[in-house]
Amino acid sequence: MRTTRLPAVLLAAVCATATTAVAVGAGATFGAPSAHAADPGGQAFAIGDPRITESSGLAASRQHPGVYWTHNDSDDGPYVYAIDSQGRTVATVTLRGVEPRDVEAISLGPDGRLYVGDLGDNLGGKWPEVWIYAFAEPAELHDQAVEVTRYKVRYEDGPRDAEALMVHPVTGRAYIASKKQGGGGLYQGPEKLAPTGVNTFRRIADAPWTTDGAFSPDGTRLVLRGYFSATLYRWKDGAPSDAEPLSTPFQRQGESVTFTSDGRALLYGTEGKDSPVWRAPLDDAQLPDTVEPLRSATPAPSAPSDPASPTSGAAAPPSPDGGKDAPASTGDQVLGVVFLVAIAGAVFGLRRKKREG
């Protein structure tokens, strides 16, 4: 029985490995130089601060290359953390006069302010209003308290749960993606948020199950992610178009996403202690409109690159957790398929010889 069942088991393993290889390598163009040729991706860093166990949002700093802003969700308190490209906390910012309910997202606007979305509603959309807090990105990184502007937000079609806030880096307009299984929505705020009265957000498009989102630095791409998937959109005339599924790392609870400051890759974050942040380079066709593709025989463009990028001259730090959240690389998956096929072929050959003998 063991000899008879072994090929079937191997065949199942081959199919599973091949499926994973296709999923991980989706979007790659074989035979043509791409950003992947110079940037294989992988774990960029892990957030080591023991206070940050529910990292729920991520935003790349403009003033401080290689620094990312994050926060806990739920009732951690009015704190935002600056994390460097090694995963170390370099500043804790306290928001004065704020008692957050469920902070879920953070985004950087063209005005140099950080926008923090207190948008979560675990009651399934019962809160009549939610809030956005805005403050100037600190020029110096050290522990400090800051004054914030508080914006009251309502949705035109009633309360809902949401975890994604995206401020467009050119127009400064704020967008929220609701979190709903079976079809959420992308909501557009007023042209300019008002600190008094109510800011009504209106639905402009459907959205998948979304735990975070981000615009590219030039505003020509939008990414929305869920726990196990992500979608990239072209941003045209104030709306998303040309949706394309992306391969995402397998994470314990995928909660956050941001573009690197050079626009060449996405960083994916997750909740949990010592949570890893994974870098996924974009293929040439996925790059924002103002970003030139990297070619193996062509020097990198002169635009400043992100310090977390392997192409910036700084080596990526080793994985502190042994890569337990890592997706297998496409090359490893292909080698695995070949190996399993070879074993399956050998076993079938032995069975044929026994029958013929």
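This is a short tour of three aspartates in a predicted model.

**Stop one: D121**

Select D121. It sits in the loop between β7 (113-118) and β8 (130-136). Is D121 buried or exposed? D121 is buried, yet it has no salt bridge. Now show R101, the nearest side chain of opposite charge. R101 is 6.2 Å away from D121. A salt bridge needs a side-chain nitrogen of Lys or Arg within 4 Å of a carboxyl oxygen, so this pair does not count as one.

Next, add W127 to the view. Look for its backbone nitrogen. That nitrogen lies 2.8 Å from a polar atom of the D121 side chain.

Then bring up the rest of the surroundings. Which residues does D121 touch, leaving out those up to four places away in sequence? They are D102, K126, W127, R160 and D161.

**Stop two: D242**

Move to strand β18, residues 239-246, and select D242 within that strand. Check the backbone here. Phi of D242 is near 50°, a positive value in a residue other than glycine. Most residues other than glycine have a negative phi. Turn on the surface next. D242 counts as partly exposed, with 49% relative accessibility.

**Stop three: D274**

Go on to the loop between β20 (265-270) and β21 (276-281), and select D274 there. What is the sign of phi at D274? Phi of D274 is positive, about 50°, although D274 is not a glycine. Keep the surface on. The relative accessible area of D274 is 40%, so this residue is partly exposed.

Definitions and conventions: Residues are numbered from 1 along each chain as its sequence is written. This is a predicted model: local features need pLDDT of at least 70, side-chain atom pairs count only at pLDDT 80 or more; totals for chains, interfaces and linings use all residues. Side-chain values use heavy atoms; hydrogens and water are left out. Helices (H or I, at least four residues) and strands (E, at least two) are DSSP runs, numbered from the N terminus. Buried means under 20% relative accessible area, exposed over 50%, partly exposed in between (1.4 Å probe, protein chains only). Lys and Arg count as positive and Asp and Glu as negative; His and the chain ends are not counted. A polar contact is a pair of N or O atoms within 3.5 Å; within protein, one must be able to donate a hydrogen and the other to accept it, and residues adjacent in sequence count only if both atoms are side-chain atoms. Contact means heavy atoms within 4.5 Å.
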